[in-house]
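The following paragraphs guide the reader through selected features of one molecular structure. Please keep the sequence and the three-dimensional view at hand while reading.

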Amino acid sequence: MNAFFMGVDLGGTVIKAGIYTAEGQEITVAEHSFPTESPQAGFSERNMEMLWEAACSVIRQAIQNSQLNAAQISGVSFSSHGKGLYLLNSQGKPVRNGIVSSDSRAQSIVDEWHQDGTADKAYPLSLQQLWASHPVALLRWLKQHEPDNYRDTQHVLMVHDYIRYRLTDQIACEETNISGSQLFNQTLSSYDPKLCQLFGIDEANDKLAPVINSAQLAGTVTHKAAAESGLVEGTPVFGGFFDVVGAALASGVSQKDKLSAVAGTWTISTRVFDEIVPSDYPYVWSKYCIPGTYFVHEGSPTSASNLAWFTRHFFNQRLQDYDVLNHCVAEGATRPNDILFFPWLYGSNYHSNLHGGLLGLSSHHTDADIVYAIYQGIVFSHLLHQDRIVGLDNTTESIRFTGGPTQSPLWMQMFCDASNLPLDVVNVQQSGCQAAALCAAVGTGYYSGFDVAIAASTPKITTYQPNAVGYQQLRDKFARFKAVADALSQ
């Protein structure tokens, strides 16, 4: 008989639940759009009770769509957005709305920490660059602006920790996600009270949950949760992981020779190492799902979401389909084109004071020229991250690529040429759900470890090889891209 596992993907705007065989074959995926609330500028929140109801809804729908008996699901695990904050009081009830990773209310606090040297003091412990949506920044903001909620907090959780708690009634934080919280010392592999002290939130030390591994049993589905979710009481529930880890796992990345690249709302580059590599640059390190390993990554919201914004606001309906866009890009690639597009509509990953834009437009330019420039600019912004991650050492042999741009062969060739590395497009539609289901398979003991699970669920790939001429042309244009950006930042 086949074994079936459920993966729940808790994204920033969409929640999904998928059921898979142990080999990663998708049976069904259900999804529910759950936009965030923004009661004030910079706020990005979710009602936590509604979040639980949405998770139950997609779980029930996935079971129904699969035509399986819920008892056939051998285990459940998670992939989720990082950062943010989900707080419980002493009765296990939400203290306030959950806060999502796109929240920026604490930016002024983070700016102050950079100015007064707090960020520099914290980095050797956490090995994290500071973001406004880090739990420590949000806790400090709550201490200043919502002291009653700060005082009432008993448990500090990430989003999948909360949903897992609702399923099992067990409090815990999962390692790959909490290790990126600024509360965790990478070298010690544990929370560090020195970090809470540095960030002025000493009281939070006593509110941090026990840490569990990705494939560790967190508990089983309770009678109450079974009635609400449609799962069977007693179904094992496992830790899960940060969605960046899920994307890398679904791509078959377990060693440093392969780089995981994701392009969607965010552009993300990730590699896995057996140890932390010393560097003068402040790389972001966290615990990977394979025990004893770390992942290093960089990312920013500078990818295909910029293309989606342009097609929605400036191009007609015909340019909202990848087939048509690809045709435009193919035409644009044949024409002389000095247009530069800066894909920083949602923030810059080069200089903090830069914004998105097009430079070099003339009256003879067409839609094809502009779309080609947008594709190219997104490649360049991706390289800003990828080059640094590749530059940690000289052992990267290939790239595993997932995300919306994989629907464009020409775009993938541009990414490949600019990287000067073989590029494997991974044919996985729902990497978060699939990886979470594999996590449950490892947790139940179906596989002895993630390496074995990866080998047994090798994704289908399409491989691109770099072109030397294309590499030189793109790198020359990339140098100009950076030079103009440097000038604009003055």
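In this predicted model, helix α17 makes the greatest contribution to the lining of the second largest pocket, supplying five residues. The volume of this pocket is about 330 Å³. Its lining comprises 15 residues, and those closest to the centre are Y372, Q376, G470, Q473 and L474. Helix α17 spans residues 468-488, and the other elements that give two or more residues to the lining are α13 (367-390) and α14 (409-419). Sorted by class, the residues around the second largest pocket are six nonpolar, six polar and three charged.

Attention may now turn to an earlier part of the chain. The UniProt record, an unreviewed entry, assigns residues 6-249 to the feature "domain: Carbohydrate kinase FGGY N-terminal". In the model, the C-alpha atoms at the two ends of this span are 16 Å apart. Helix accounts for 36% of residues 6-249, and strand for 23%.

Helix α6 occupies residues 159-168. How many of the residues of α6 are buried? The count is 10 of 10, and the helix is thus described as mostly covered. Among these buried residues are V159, I163 and L167, as well as H160, D161, R164 and R166. The buried set also includes Y162, Y165 and T168. Just beyond the end of α6 comes D169, whose phi is positive, at about 65°.

Note on methods: Residues numbered from 1 in each chain as written. Predicted model: local features only at pLDDT ≥ 70, side-chain atom pairs only at ≥ 80, totals over all residues. Heavy atoms only, no water. Buried < 20%, exposed > 50% of the residue type's maximum accessible area, 1.4 Å probe, protein only. Helix = DSSP H or I, 4+ residues; strand = E, 2+ residues; numbered from the N terminus. UniProt positions renumbered as here; feature names shortened; annotations may be inferred. 1 Å grid on protein atoms, 1.4 Å probe; cavity = no way out; pocket = protein on both sides within 12 Å on 5 of 7 lines; lining within 4 Å. Points joined across faces, edges and corners; volume = space filled by probe spheres on them. Nonpolar A, V, L, I, M, F, W, Y, C, P; charged D, E, K, R; others polar.
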